[in-house]
Amino acid sequence: MGRLVALDIGRKRTGVAATDLLQIVPNGLGFQPTHEVAQWLKEYAEKEPIDLIVVGEPKQADGTDSESVKYIEPVVNRLRKLLPTVEVIRFDERFTTVLAQRAMIDAGLGKMKRREKGIADEVSAVIILQGFMESRIYQEKYKKK
């Protein structure tokens, strides 16, 4: 069994999260520059087995694609070329930034720490992964029995 990996892709940075090998607990793996994340994941996959990559898909409140989709598509295409045996899916990430900010406040992170670039991206990736793991899609299609 391999890890599930989630990406919160932004214009400059991409937050990364992955599960343990039993696919029970999602953990943050930090963040990478967006233009380097596909190559970084390829190198990560050489050391750690990956079953699935979940890419946060930003949507507007009405369900239409957000403007950020234009940053995501090139990364998804590159991942599919570099890791052809790993399925890459998109998962609705509406409100993850707000949830990440709330989680950091609840965790007691001070204002200066919350402003550090990349921390919110990493927390958002964890939230995307947790949401996917709790979703019906994962439960029905991917969860190993």
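## Q23 and the loop between β2 and β3

Is Q23 buried or exposed? With a relative accessibility of 5%, Q23 counts as buried, because the cut-off for burial is under 20% relative accessible area. This value, like every other in this report, comes from a predicted model. Q23 is placed in the loop that lies between β2 and β3. Its backbone carries a positive phi, near 60°, in a residue other than glycine.

## Strand β1 and its partners

Strand β1 spans residues 3-9 and is mostly covered, with 7 of its 7 residues buried. Its side chains point in two directions: R3, V5, L7 and I9 point one way, while L4, A6 and D8 point the other way. Residues in both sets are buried, including the charged residues R3 and D8.

β1 pairs with two strands. With β4 (residues 50-57) it runs parallel, and 5 bridges join the two. With β2 (residues 13-19) it runs antiparallel, and 5 bridges join this pair as well. V5 takes part in both pairings: it stands opposite I53 in β4 and opposite A18 in β2. β1 and β2 also form a hairpin, with 3 residues between them.

## Strand β4 and its link to β5

Strand β4 is likewise mostly covered, since 7 of its 8 residues are buried. Besides its parallel pairing with β1, β4 pairs with β5 in the parallel sense over 6 bridges. One of the positions in this pairing is E57, whose bridge partner in β5 is D92.

## The nonpolar cores

The largest nonpolar core contains 20 residues, and V5, L7, L41, I53, V55 and L79 have the most contacts inside it. At least two residues of this core are supplied by each of β1, β2, α1, β4 and α2 (69-82). The largest share, 5 residues, comes from α2. Another core, of 14 residues, lies apart from the largest one; among its members are L4, A17, V54 and Y142.

The surroundings of L7 illustrate how the elements meet. Leaving out residues up to four places away in sequence, L7 touches T14, G15, V16, V37, L41, I53, V54, V55, G56, L79 and I128. V5 and L7, both named among the core residues with the most contacts, point one way from β1. L4, by contrast, points the other way from the strand and is a member of the 14-residue core.

## T34 in the loop between β3 and α1

T34 is found in the loop between β3 (26-33) and α1 (37-47). Its relative accessibility is 10%, and T34 therefore counts as buried. The side chain of T34 is joined to that of T14 by a polar contact of 2.9 Å.

When neighbours within four places in sequence are set aside, the residues in contact with T34 are I9, G10, R11, K12, R13, T14 and V75. I9 belongs to β1, and R13 and T14 fall within the residue range of β2. V75 lies in the range of helix α2.

## Aromatic pairs

A search of the whole structure finds 2 aromatic pairs. In the pair formed by W40 and Y44, the ring centres are 5.4 Å apart and the planes stand at 15°, so the pair is stacked. W40 and Y44 are 4 residues apart in helix α1, which means that about one helical turn separates them. W40 is partly exposed, with a relative accessible area of 22%, whereas Y44 counts as buried at 13% relative accessibility.

In the pair formed by F91 and F132, the ring centres are 5.6 Å apart and the planes stand at 85°, so the pair is edge-to-face. This pair links distant parts of the chain, with F91 in strand β5 (residues 87-92) and F132 in helix α5 (residues 119-134), 41 residues apart. Both F91 and F132 are buried.

How values were computed: Residues numbered from 1 in each chain as written. Predicted model: local features only at pLDDT ≥ 70, side-chain atom pairs only at ≥ 80, totals over all residues. Heavy atoms only, no water. Buried < 20%, exposed > 50% of the residue type's maximum accessible area, 1.4 Å probe, protein only. Polar contact = N/O pair within 3.5 Å; in protein donor to acceptor, adjacent residues only side chain to side chain. Contact = heavy atoms within 4.5 Å. Pairing = 2+ DSSP bridges. Core = buried A, V, L, I, M, F, W, Y, C linked by side-chain atoms within 4.5 Å. Phe/Tyr/Trp six-rings, centres within 6.5 Å; stacked < 30°, edge-to-face > 60°.
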